[in-house]
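Q: I would like a close look at a single part of this protein, followed outward into its surroundings. Please take it slowly and keep to what the model itself shows.

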Amino acid sequence: MIVKIGKAEDNDYVANDTYVSRYHAILREEDNGDLSIEDLHSTNGTYVNGDRVMKKKITATDQVTLGEHYTLNIGEALKFDDNYSREFASLKHVYETYLKEKIRIQSSNQFKVRLFQSIPFVFIGLAGLVFAFFGRRNLYVVIASGLMAVCFPTLGIYLAARQSAKIPELLQNLANQLKIDYVCPKCGTFLGEIPWESLVRKKQCPVGSCHAKWVNN
């Protein structure tokens, strides 16, 4: 991608400053992400971290100055055409991760609830076997078997209810994180729980003042 920078209105990125030439520099981004800045024989020069250059490889953290004091915002310059397709593509992983975690929370907790509900009856069965072998003539075994028959189901119901109560909180925490991560890469508007594949069809942010392009046509 090539971004033409200067004071003239027909540049890709307009830098409106007295000491910036009409056609001052070119910012290049290669397919592999490498960046470079090239001065177009401007009157007041192009500087990278204080050094005047004609052409130089740069990084997104370098300070690029046009003329005497105009600091170029590299990120904004690269988004001169509101093309956020790369950032939007990364949201696919965000949504897929959300779905997988939601399913995991629901299935895992449902399994634990059923487990807590079922285990007590295993102990009751064991109590029945113990009683059958030893309980007829042993009062303590009879009492212990009765207590197991009452206490274990009660404990199972309590543990199952406690596990069920965790599910809404876990899902709410997951939804809150989605509201932070699943947003328009330009304006930050939450995209809801709309599948990423459906958003692709919209091609751009629905917020009227945003104009971010989500698909590189």
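In which loop is Asp 82 found, and what surrounds that part of the chain?

A: Asp 82 is found in the loop between α1, residues 74-78, and α2, residues 85-89, and everything said here about this loop rests on a predicted model. The backbone at Asp 82 has a positive phi of about 60 degrees, although this residue is not a glycine. Most residues other than glycine have a negative phi.

To place the loop in the chain as a whole, the secondary structure comes to five helices and nine strands, and from the N terminus on the elements run β-β-β-β-β-β-β-β-β-α-α-α-α-α. Buried residues make up 33% of the 217 residues in the protein chain. Of the contacts with a separation of 6 or more, 43% are accounted for by residues 24 or more positions apart.

Asp 82 itself offers an example of distant parts of the sequence meeting in space, since Asp 82 and Lys 213 are 131 residues apart in sequence and yet 5.8 Å apart, C-alpha to C-alpha. Leaving aside residues up to four places away in sequence, Asp 82 touches Lys 186, Cys 210, His 211, Ala 212 and Lys 213.

The two helices that flank the loop also take part in the largest pocket, which has a volume of about 290 Å³. Its lining consists of Met 1, Glu 29, Glu 30, Asp 31, Gly 75, Leu 78, Lys 79, Asn 83, Ser 85, Arg 86, Glu 87 and Asn 216. The elements that give two or more residues to this lining are α1 and α2, and the largest share, three residues, comes from α2.

On the α1 side, the picture leads into the largest nonpolar core, which has 19 residues and in which Ile 5, Leu 27, Ile 37, Ile 58, Val 64 and Leu 66 have the most contacts. At least two residues of this core are supplied by each of β1 (2-6), β3 (25-29), β4 (35-39), β8 (64-66), β9 and α1, and α1 gives the most, with three residues. Apart from this core lies another, of 17 residues, among them Phe 88, Tyr 98, Leu 199 and Ala 212. Ala 212, one of the residues that Asp 82 touches, therefore counts as buried, at under 20% relative accessible area.

Within the largest core, Ile 58 is a useful residue to follow, as it touches Leu 27, Leu 35, Ser 36, Ile 37, Val 48, Val 64 and Ile 74, again not counting residues up to four places away in sequence. Val 48 then leads to the strands, where its bridge partner in β6 is Asp 51. Three bridges join β5, residues 46-48, to β6, and these two strands run antiparallel. They belong to an open sheet of four strands in the order β6-β5-β8-β9, with antiparallel pairing. The edge strands are β6 (51-53) and β9 (70-72), each of which pairs on one side only, and the twist averages 40 degrees from one strand to the next.

The loop between β5 and β6 holds Asn 49, which invites a comparison with Asp 82. Asn 49 has a positive phi of about 55 degrees although it is not a glycine, and because its relative accessibility is 46%, Asn 49 counts as partly exposed.

Definitions and conventions
Residues numbered from 1 in each chain as written. Predicted model: local features only at pLDDT ≥ 70, side-chain atom pairs only at ≥ 80, totals over all residues. Heavy atoms only, no water. Pairing = 2+ DSSP bridges. Axes fitted to C-alpha atoms, helices over the stretch in contact; angles between N-to-C directions. Buried < 20%, exposed > 50% of the residue type's maximum accessible area, 1.4 Å probe, protein only. Core = buried A, V, L, I, M, F, W, Y, C linked by side-chain atoms within 4.5 Å. Contact = heavy atoms within 4.5 Å. 1 Å grid on protein atoms, 1.4 Å probe; cavity = no way out; pocket = protein on both sides within 12 Å on 5 of 7 lines; lining within 4 Å. Points joined across faces, edges and corners; volume = space filled by probe spheres on them.
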